[in-house]
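User: Please show me how to read a pocket and the packing of helices in a model like this one.

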Amino acid sequence: MYWEQTAAMRVENKTSTFQDIKRGVRQGCVLSPDLFSLYSDIIMRNLGNHPGIKVGGQNKNNLRYADDTVLLAENKEDLQKLLNIVEEENRKKGLELNSKKTEVMVISRKQESPKCDIFINEVKLKQREHFKYLETIISNDGKTNREISARTAQAQISFQKMKTILTNKHISIETKKRARQCYIESVLMYGCEAWTISKQIQDKLEATEMCFLRRMLRIPWTAKKTNERVLNEANKRRSLVRNIRKRKRQSTSLGHVMRREKLEHLVTTGKLQGKRSRGRQREKITDGLATWL
């Protein structure tokens, strides 16, 4: 089907000259998704039991979602071996890894992330401290602080765009609260089911909520009104953190994860192999749920 394909541009009644299509999987072809899945599955089968990371006694060296693939390893030597296998199998199938779109990240508790030099065809891959995946920021410290800060900034931008409505003194505070919940909090709480919220993050979220409320009531910072007085004027209680807790508690995906008892369950409950690090252990998602419940 793919040999000698041509395409032309048509604008109203005029058609351009036909040009040959020489590269890529054809957009719109019903076979394209199946062919891609078939190729990627055959390529990744060659990784077999090569060393990755141990999760609950199971070896995992790759994760895949649609056309995105993550290779996992405990050290750069094993990671380079995995990448070499994928690169070789791609070449056999007539495919090519794009070094510009392939990046490396080391997840570590250290203040400074360890260096990890990985190469594709002698081209060194860029090492990132964080990247956005499925509209969520993944950080090299394994925390959600950067993602929550980014969500807070996006919510403030959304508030600024609706400033003429949310700060209009001719609109009732009840209407403005409903508009904020619909258009601002929905931006802020995207993906909050996967957040781990510390006391510091909770204080920041509550401060953001009060900032929005003060601007809606047109209360300047020079007024020196306490948060309790502002809440009384708005006839409202703090609700942002409570709504996040509610969404985490009622998350249907969490129920499926816990009942299936597969890889997602092991990761969520933190059952990773290895030695326990010194000092206070990080809070897990399940710790927060247990406290709130």
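Analyst: A pocket is an open set of points on a 1 Å grid over the protein atoms alone, where a 1.4 Å probe fits, with protein on both sides within 12 Å along at least five of seven lines. Points are joined across faces, edges and corners, and a volume is the space filled by probe spheres set on them. This is a predicted model, in which local features need pLDDT (the predictor's confidence in each residue, from 0 to 100) of at least 70, side-chain atom pairs count only at 80 or more, and totals for chains, interfaces and linings use all residues. Residues are numbered from 1 along each chain, and side-chain values use heavy atoms, without hydrogens or water.

User: How many residues line the second largest pocket?

Analyst: Its lining (residues with an atom within 4 Å of a point) has 13 residues, with Ser108, Lys110, Gln111, Asn140 and Asp141 nearest the centre, and the space amounts to about 250 Å³.

User: How are packed helices described?

Analyst: One gives the angle and the distance between their axes. Helices are DSSP runs (H or I, at least four residues), numbered from the N terminus; axes are lines fitted to C-alpha atoms over the stretch in contact, with angles from 0 to 180 degrees between N-to-C directions. Here the axes of H3 (residues 145-161) and H7 (residues 199-216) come within 11 Å and cross at roughly 5 degrees, which makes the two roughly parallel (under 35 degrees). Among the residues in contact (heavy atoms within 4.5 Å) are Phe159 of H3 and Phe212 of H7.

User: At what angle do H7 and H9 cross?

Analyst: The axes of H7 and H9 (residues 240-249) cross at roughly 125 degrees and come within 9 Å, so these helices are oblique (neither under 35, nor over 145, nor 65 to 115 degrees). Their contact includes Leu205 of H7 and Ile244 of H9.
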